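Student: I would like to go through this model one piece at a time. Can we work by question and answer?

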Amino acid sequence: FFNNWYNTEKLKTLSNALAQWKIAKSTTKAEDYLNQALAKFNQTIQPARETFNSNHDSLNHSLDILESNLTQTTQAQRVNVFWEPEYPDEPPSNLLSHHWNQLKDSAIHPDLIALNAESLSGNAVYERLLDEKLSRMGSGQYVTAPMAREMKKYEQVAEGGWWGHAGIDALSLVDLKAGEKPKMADWGCFKPDHPRIDQAKSEKKGKTEYRKYENPALAPRVPFLPQVSESLAQKIYEKHGINPTEQERQSGFWFVVKQYPQIPITITEGFKKTLSSLSQGVVTIGLSGVNHIYRANDSQGNKLPTRELNPEVAVFAKEGREFLFAYDSDTKPTTIVNVRRDRVRGIELLESLSCPCSVLTWNSSDGKGLDDLIAAKGPEAYLQAHQNAVSSEQDKRIHYRTEYNKIVTQIKREMGSVASPRLDLEVYLRATAKGEKADGIRVVGESDTARSLRKNLPKEAELYAKAIEMSAGLYERLGRKAAQKNLDELLRQTVSRQMVALGLEKEDLALKPSSRLSRSR
């Protein structure tokens, strides 16, 4: 009503202005038209005016109730901050002041800093970073020439920096009994005060690039499962409504997390982000890279038939446990695509174990990493991102549609215009060769034909992708790049027949996929 009244006043003003101008015949016509429209509109809203005047008090009362409800709703949506960043004046004894300040900048709880980080220099740095590699080069009390050359590469790194412990060895939790102590991992990351040049990146980018972090050479990487103080752990237990037994508590925080699948786990990347998230009462596992959540090759580097979930993450993947992904909010298109690919692969492996997954998003201008977000916008922004986490389905569809478009572009560049379903058969074979068998079906599931079917015939969209898979062998035997006159029609009939056969197996689908398929095309 109020908007209409305001617009009416604007129309009156315009009409009066036109009446004064009367520059041309068309203007007069416009004036007459507007006046007629205004008269009809005034006639229409007159009952509303009368109702408003007679029910003014009632309307005000209703507005008061609405305002109260909105206030209550807003308050219900507010997040309760687990910890507001505040720090003692002095750093813990194991950290230099400038290292302490670097970790404070990531909004990490002082208890977590004291337990998981320390300042190192000299031989201690060599021991953490080169112990495994030097042991393979020789043994004994003498430093050989090859060992000395290797140490020379780390000379400026060894001048000092801070070390972040990986924490608990996740695999030691597998057979651990309540009351027993888990092992500590030997792995971690080192942030040098004077980083060395990254030769590989420098050559690739054509400019000097430095290694921001160092990890132990030749040692297998493990996730960050930081030590958590008893006071912080208790607050987290209370947050999730659990009361571990005394024996479970003796086995430590991560043993308790393993035992209680009702505790959701957030997956992120890197030491500081892991601790920053934990500081807000969010149980968080930190990876050493976004692809660290799965394995595509065995220990000898051979490609596995299917990807496998990282064994250290699998320790916690109990049925029903929710996993949330809080990777960096990047702006570079290629990085976004690559990160989404690895996230989707991890999500699919977790969901295959009946672990629901979702994805945290936030504006990259508010901070790239979750620690940047907390430091810049406060803990509320990060906790709100948890409340607003989006379904993994959207992430998966965007990923596979992106893959489909990339492969189609490549096919058209090599083969020219290709009709469907031959195009989708080619896509399937390339996606399978690039990844694994299931990738081919998933990518074709986001093809133009499948997406068109999904709008009205979702079951047949699924059958289409499976029919492409079943027809791929024939397509290869016929010759993938052959320019046979009737090849496209033959492939179309083959895919349609496969859909019919699949439909018969389902029994709940109509026996007309061929005609529907042609109509959708």
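The exchange below covers confidence, cores, a buried acid, open space and unusual backbone angles.

Student: What is the mean pLDDT of the protein chain?
Tutor: This is a predicted model, so confidence comes first. Of the residues in the chain, 80% reach a pLDDT of 70 or more. The mean pLDDT is 85.

Student: Over which residues at the start and the end is pLDDT under 50?
Tutor: Where pLDDT is low, the predicted coordinates should not be read in detail. One such stretch has 5 contacts beyond four places in sequence. Another has 29 contacts beyond near neighbours in sequence. The stretches are residues 1-6 and residues 507-521.

Student: How much of the protein chain is buried?
Tutor: The chain has 521 residues, with 23 helices and 10 strands. Among contacts between residues at least 6 apart in sequence, 67% join residues at least 24 apart. The buried share of the residues is 42%.

Student: Which helix gives the most to the largest nonpolar core?
Tutor: That core holds 60 residues. Phe253, Trp254, Ile293, Phe316, Phe323 and Leu350 touch the most other members. With 5 residues, the top contributor is helix α11 (residues 253-259).

Student: How many residues are in the other core?
Tutor: This core lies apart from the largest one. Its members include Tyr400, Ile407, Val427 and Ala450. The count is 30 residues.

Student: Is glutamate 118 buried or exposed?
Tutor: Glutamate 118 sits in strand β1 (residues 117-120). The cut-off for buried is under 20% relative accessible area. Glutamate 118 has 18% relative accessibility, so it counts as buried.

Student: Which side chains make polar contacts with the side chain of glutamate 118?
Tutor: Beyond four places in sequence, glutamate 118 is in contact with residues including Asn94, Leu95, Gly161 and Trp162. One polar contact, of 3.1 Å, runs to arginine 128. Another, of 3.0 Å, runs to histidine 165. The partners are arginine 128 and histidine 165.

Student: Which element gives the largest share of the lining of the largest pocket?
Tutor: The largest pocket has a volume of about 1500 Å³. Of its 36 lining residues, Lys201, Tyr213, Glu269, Asp328 and Lys368 are the closest to its centre. Elements giving two or more residues are α8 (199-205), α12 (271-278), α14 (333-351) and α15 (370-377). The largest share, 5 residues, comes from α14.

Student: What is the volume of the largest cavity?
Tutor: The count is 1 cavity of 30 Å³ or more. Its lining includes Ile168, Asp169, Val222 and Glu312. The volume is about 30 Å³.

Student: Where is the cis peptide bond that ends at proline 421?
Tutor: Most peptide bonds are trans. Proline 421 is in the loop between α17 (392-415) and α18 (422-434). Omega is near 15°. The cis bond runs from serine 420 to proline 421.

Student: What is the phi of alanine 107?
Tutor: Most residues other than glycine have a negative phi. Alanine 107 lies in the loop between α4 (97-104) and α5 (110-116). Alanine 107 is buried, because its relative accessible area is 3%. Its phi is positive, about 55°.

Student: How is leucine 218 classed, given a relative accessible area of 47%?
Tutor: Leucine 218 is in the loop between α8 and α9 (230-239). Its phi is positive, near 65°. The range between 20% and 50% applies here. At 47%, leucine 218 is therefore partly exposed.

Definitions and conventions:
Residues are numbered from 1 along each chain as its sequence is written. Side-chain values use heavy atoms; hydrogens and water are left out. A nonpolar core is a set of buried Ala, Val, Leu, Ile, Met, Phe, Trp, Tyr and Cys residues joined through side-chain atoms within 4.5 Å. Buried means under 20% relative accessible area, exposed over 50%, partly exposed in between (1.4 Å probe, protein chains only). Helices (H or I, at least four residues) and strands (E, at least two) are DSSP runs, numbered from the N terminus. pLDDT is the predictor's confidence in each residue, from 0 to 100. Contact means heavy atoms within 4.5 Å. A polar contact is a pair of N or O atoms within 3.5 Å; within protein, one must be able to donate a hydrogen and the other to accept it, and residues adjacent in sequence count only if both atoms are side-chain atoms. On a 1 Å grid over the protein atoms alone, a cavity is a set of points where a 1.4 Å probe fits but cannot get out, and a pocket is an open set with protein on both sides within 12 Å along at least five of seven lines; lining residues have an atom within 4 Å of a point. Grid points are joined across faces, edges and corners, and a volume is the space filled by probe spheres set on the points.
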